[in-house]
Amino acid sequence: MVLDVLIVVALLVALLASRVLILTRSRGSVLCCLRPTSKERGWRVGVARYADGQLNWIPLIGLLPRPRHVIVRRGLVVSGRRRIGSGEFYGFIEGMTALECRNGQSAFELAMGYRALTGFVAWLESAPPGAYLDVS
């Protein structure tokens, strides 16, 4: 009985580890945390994947491999940035930069490291001519 439970737990851990490896090692993916501005929920760890004109955010822990949030570049407004302190998310994302964003009616924050932030800003600025961008 105990051996069966240990085998099931080991399989679940192996599945989770393989999901994390597959998501983080795929091309065009960066580790990125997301939090709705309504602050009803805390930070959620996930992976952001760049697509044609959108950023797909996939939770790191979950059953489905599809994006939970799709952030469209056209109309995306970045209104501010701040450094994350040690008191947020148990210090796990300390030193990362949080961006305050709005896309249509949804408001949220994205937290990422320096390299991912540089890529995100480059992705925003590489919009086709005539696209509306508001980067404060």
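Student: How many bridges join strand 3 to strand 4, and in which direction do the two strands run?

Tutor: Strand 3 is joined to strand 4, which covers residues 69–72, by 4 bridges, and the two run antiparallel. Keep in mind as we go on that this is a predicted model. To see one position along this pairing, look at Gln-54, which stands opposite Val-72 in strand 4.

Student: How many bridges join strand 2 to strand 3?

Tutor: There are 5 bridges between strand 2 and strand 3, and these strands also run antiparallel. They form a hairpin, with 3 residues between the two strands, and within the pairing Val-47 stands opposite Ile-58 in strand 3.

Student: Is strand 3 mostly covered or mostly open, and how many of its residues are buried?

Tutor: A general idea first: in a regular strand the side chains alternate between the two faces of the sheet. Turning to this case, strand 3 (residues 54–59) is mostly covered, with 5 of its 6 residues buried.

Student: How many aromatic pairs does the structure hold?

Tutor: The structure holds 2 aromatic pairs. One of them is formed by Tyr-50 and Trp-123, whose rings are 5.5 Å apart from centre to centre, with 55° between the planes, and this pair is tilted. Here the planes are neither under 30 degrees apart, as stacked rings would be, nor over 60, as edge-to-face rings would be. The pair links distant parts of the chain, since Tyr-50 lies in strand 2 (residues 44–50) and Trp-123 in helix 2 (residues 114–125), 73 residues apart.

Student: Which of the words buried, partly exposed and exposed fits Tyr-50, and which fits Trp-123?

Tutor: The word buried is kept for residues under 20% relative accessible area. Trp-123 counts as buried because its relative accessibility is 8%, whereas Tyr-50, with a relative accessible area of 27%, is partly exposed. In the other pair, Phe-120 and Trp-123 are also tilted, at 5.9 Å centre to centre and 35° between the planes. Both of these residues lie in helix 2, where they are 3 residues apart, or about one turn of the helix, and both Phe-120 and Trp-123 are buried. Taken together, the ring pairs link Tyr-50, Phe-120 and Trp-123 into a cluster.

Student: Which residues touch the most other members of the largest nonpolar core?

Tutor: The general idea is that, in soluble globular proteins, nonpolar side chains tend to be buried together. In this model the largest nonpolar core has 18 residues, of which Leu-76, Leu-110 and Phe-120 touch the most other members. Among the elements that give two or more residues to this core are strand 1 (29–36), strand 3, strand 5 (76–83) and helix 2. Helix 2 provides the largest share, 5 residues. If we leave out residues up to four places away in sequence, the residues touched by Phe-120 include Tyr-50, Leu-55, Leu-76 and Leu-110. There is also a second, separate core of 10 residues, which includes Cys-33, Val-47, Ile-93 and Ala-111.

Student: Is Thr-97 buried or exposed, and which side chain does a polar contact join to Thr-97?

Tutor: Thr-97, whose place is in strand 6 (residues 97–103), is buried because its relative accessible area is 8%. A polar contact of 3.4 Å joins the Thr-97 side chain to that of Arg-83. Not counting residues up to four places away in sequence, Thr-97 also touches others, including Arg-81, Ala-111 and Leu-117.

Conventions
Residues numbered from 1 in each chain as written. Predicted model: local features only at pLDDT ≥ 70, side-chain atom pairs only at ≥ 80, totals over all residues. Heavy atoms only, no water. Phe/Tyr/Trp six-rings, centres within 6.5 Å; stacked < 30°, edge-to-face > 60°. Buried < 20%, exposed > 50% of the residue type's maximum accessible area, 1.4 Å probe, protein only. Pairing = 2+ DSSP bridges. Polar contact = N/O pair within 3.5 Å; in protein donor to acceptor, adjacent residues only side chain to side chain. Contact = heavy atoms within 4.5 Å. Core = buried A, V, L, I, M, F, W, Y, C linked by side-chain atoms within 4.5 Å.
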